[in-house]
Structure formats: structure tokens, C-alpha cells
Amino acid sequence: MKYLDEFNDPQLARRLLDEIRATVTRPWALMEVCGGQTHSIIRHGIDQLLPEEVELIHGPGCPVCVTPLECIDKALEIAARPDVIFCSFGDMLRVPGTDRDLFRVKGAGGDVRVVYSPLDALQLARRHPEKQVVFFAIGFETTAPANAMAVHQAKRLGLANFTLLVSHVRVPPAIEAIMTAPACRVQGFLAAGHVCSVMGMAEYPELAERHRVPVVVTGFEPLDILEGIRRTVGQLERGEHRVENAYARAVRADGNPAAIRMIEEVFEVTDRNWRGIGRIPGSGWRLSEVYRDFDAEHRFDVTGIRTEEPAECRAGEVLQGLIKPTDCAAFGTTCTPRTPLGATMVSSEGACAAYYLYRRMSEPALPREEMNPVG
């Protein structure tokens, strides 16, 4: 398959690993921002194939994982109302709120539906004018254009029964928060290629310069990730801190201008809470004043919900790269995909789920010399 098999070639993987080994002379800690990259790294054992000087730190790039607990509880309260059809992507249904999840709301009679696009929810609103249709709009910059388009269309069509429960977050402010944290060890970033395919790379040079860290825009296949690591380590060894595009087949410097215009029309930047991390200034989007009538949080008056995370869950430390999932005493014992304590064990992009799925129950799983790259 084009752009898939080519990026899973074991010989090329070995060549890139050899180049990394030949380049590195001292320890470096790199953070992959995206949860999709984390899953690819753990699935293929890339972190265990690298020379021991190169450490990969898993970042907070899982939108399901960072959706704050109070937003989940708002979703649960709205979804339980008899006049509501609550629509969501499937990966949100088992994310635990304070005392239940969307699956339990559905089991108790709530009309909770899995959709594949916010436009599917828009069509439900057109077919069911007697119901309030709410779409759970979460995600990074990648899902924002489609959610913005859905609201834009709802306004154009005059659909008064369609709203979004918005929990959008933005990557650059999260990088800023990571770099200014007292315990930060990150020396370089593998930036999320799909985010940059939408937003471009304009926000990264200033971050790279101010914090003196290389930022390499990286894809998601094994060779993409190894190439991103190779470029990042090369910059660090040379004392450089530039933005590089290692995902040119999908990313342009200016991103997708049409998508950016749609986002800027519908949303405005706001401070946002990140689950397990806290409030990050300017790190989210909310509906702009022109589209405020489509905000489910205000329509259903659920703005006052306050919550506390379970004390035994250390997902926040995982999301900040402070610990690995295996450092948490609950991992694989009281916290499993069937009995999750936090969203990092539920989400298809969560680091805890990746470690559990690929049986990475301790570190290291295998001696490096016994591992076969990619295959």
C-alpha cells in the first residue's frame, strides 16, 4: 500500500538505527507529542531498539486522555436527559467520569450514539427536530475543522436543536507548559504531523528558539518516527534548535489555509483545563460569540460542575512524561482496559493502553539485541 509498506521496511529501519547510534555521543531525552506516535513506538519496540543514550518520553498528545473530568461529567449529565440525543466518537464512551461513563448512561436508557463525523450528528438533528442533538467535540487541531464546519452548517440551516459540547485543545501551548515545568527533562520534540497538516508550522520556531529545543514534525509509521529521532538527535549533537519538517508528504509550512479560516471563524482561543495536568493558558478553543448559541455547556446550564481525580490514578504524571505507565502501582492490576481508573488506559491513543495492549508490563521487555526492528 502506498506510503505504508514503504515506511515499514526492516532494512531501512536498521539503517536509520545505525545512523542514530553513530551520531549520539551523550544522553538525550525526546518527547513524542502524539499518542498515535506513542502507540507506534510501543507496538514496534522502537524505544527498546534505540541506543540507550536516547530516551523517549511520552507526551500529552491524546485528546481523549486530556479531556478534563469535569467535561466528562458534563457530558454524562447532558446525555442522561430524556430530550437529548448525545453523539460521540466511540473512544469516549468508556472514559470514566466521577461515577459512571457514557456506556452506563446508555445502558440506563440514555440515547447515546456513536457517530463517525460531527456531520452525522448534524443529520440527526435535521431528522429529529423534536430532540436536542449534542455532539461531543473533543480533540486537538486535527478534529477542529470538521467540528467548526458542523456548527457553521447548523447556523446556515437554522438548526436550533444542534449544539457542541466543546473540549478542544491546542498543542503549542502544551509544549510551552511542558518546557516551563520545574521537572521538565525534555530536550527535543517530535511534533505531531497530523496537527501540522492542519495548522502548519508557524507557531513552532518561536518555541524552539525560546526554549532552545529542536522540533521535528514527524509522521506515524516506524520509519517516520526513526527519521524524526535521527534528525532531532542530529540537531542536539550539533547544538542546534530548529524546526524541521520530516513529514513533507503530508505537511506544508502554511498547513491547510481553508481549514484554518474555518476554525478562526467559529472558535476563539481560551484557557483550558487538561485532565491530570491542570489549566494551561491559551491552550483551547471555545465557540466564538457569533456561534455561542450552539454551545451545549451554556444551553444545558452545566457550567458549575467541579470534580476530583481518583488519588490512586497517576495518569496526569504519565501525560506530563514524568513517569512511564509501568511506574504506576495500579497499572495492570486495579487499572486495566476493563476497569480503567483514568483515560490513558481507555483511549486508543493512551500511553497506558499502549503498554497494556502490547504486553509492555515491565521495562525492558526484551534485551535490545534480541529484538527485530519493525517486523
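The chain carries 42 positive and 50 negative side chains, and the centres of the two sets lie 3 Å apart. In this tally Lys and Arg are positive and Asp and Glu negative, while His and the chain ends are left uncounted; each charge is placed at NZ of Lys, CZ of Arg, CG of Asp or CD of Glu. These values come from a predicted model, in which local features need pLDDT of at least 70 and side-chain atom pairs count only at pLDDT 80 or more, whereas totals for chains, interfaces and linings use all residues. Residues are numbered from 1 along each chain as its sequence is written, and side-chain values use heavy atoms, with hydrogens and water left out.

The overall dimensions come next. For 375 residues, a compact globule would be expected to have a radius of gyration near 21 Å, and the chain agrees, with 21 Å; the radius is taken over C-alpha atoms, and the globule rule is 2.2 Å times the number of residues to the power 0.38. Along the principal axes, the C-alpha atoms fill a box of roughly 65 × 45 × 45 Å. The accessible surface comes to about 16100 Å², and carbon and sulfur atoms contribute 51% of that area (Shrake-Rupley method with a 1.4 Å probe; for residues, only the protein chains shown count as cover).

Within this outline, the secondary structure amounts to 16 helices and 11 strands. Both are DSSP runs numbered from the N terminus, helices being H or I over at least four residues and strands E over at least two. Of the 375 residues, 56% are buried, where buried means under 20% relative accessible area, exposed over 50%, and partly exposed in between (1.4 Å probe, protein chains only). Among contacts with a separation of 6 or more, 79% are made by residues 24 or more positions apart, a contact being heavy atoms within 4.5 Å.

Two helices show how burial is arranged. In helix α7 (residues 118-127), the buried residues are P118, A121, L122, L124 and A125. Seen down the helix axis, these residues fall within an arc of 155°, so they line one face of α7; the arc is that of the directions from the axis to the C-beta atoms. The cover over the buried residues of α7 includes strands β3 (84-88), β4 (111-114), β5 (132-139) and β6 (162-169), together with helix α8 (144-157). Helix α9 (residues 171-180) is mostly covered, with 7 of its 10 residues buried: V171, P172, P173, A174, I175, I178 and M179.

Several exposed residues are also worth a look. The loop between α14 (296-299) and α15 (315-319) holds D301, which has a positive phi of about 55° although it is not a glycine. D301 counts as exposed because its relative accessibility is 60%. E308 sits in the loop between α14 and α15 and is exposed, with a relative accessible area of 73%. Although E308 and T98 are 210 residues apart along the chain, their C-alpha atoms are separated by 7.8 Å.

Towards the end of the helix numbering, L357 belongs to helix α16 (residues 351-357) and, at 52% relative accessibility, counts as exposed. The C-alpha atoms of L357 and D224 are separated by 22 Å, with their positions 133 residues apart along the chain. In the segment after α16 lies R359, a non-glycine residue with a positive phi of about 60°. R359 has a relative accessibility of 53% and therefore counts as exposed.
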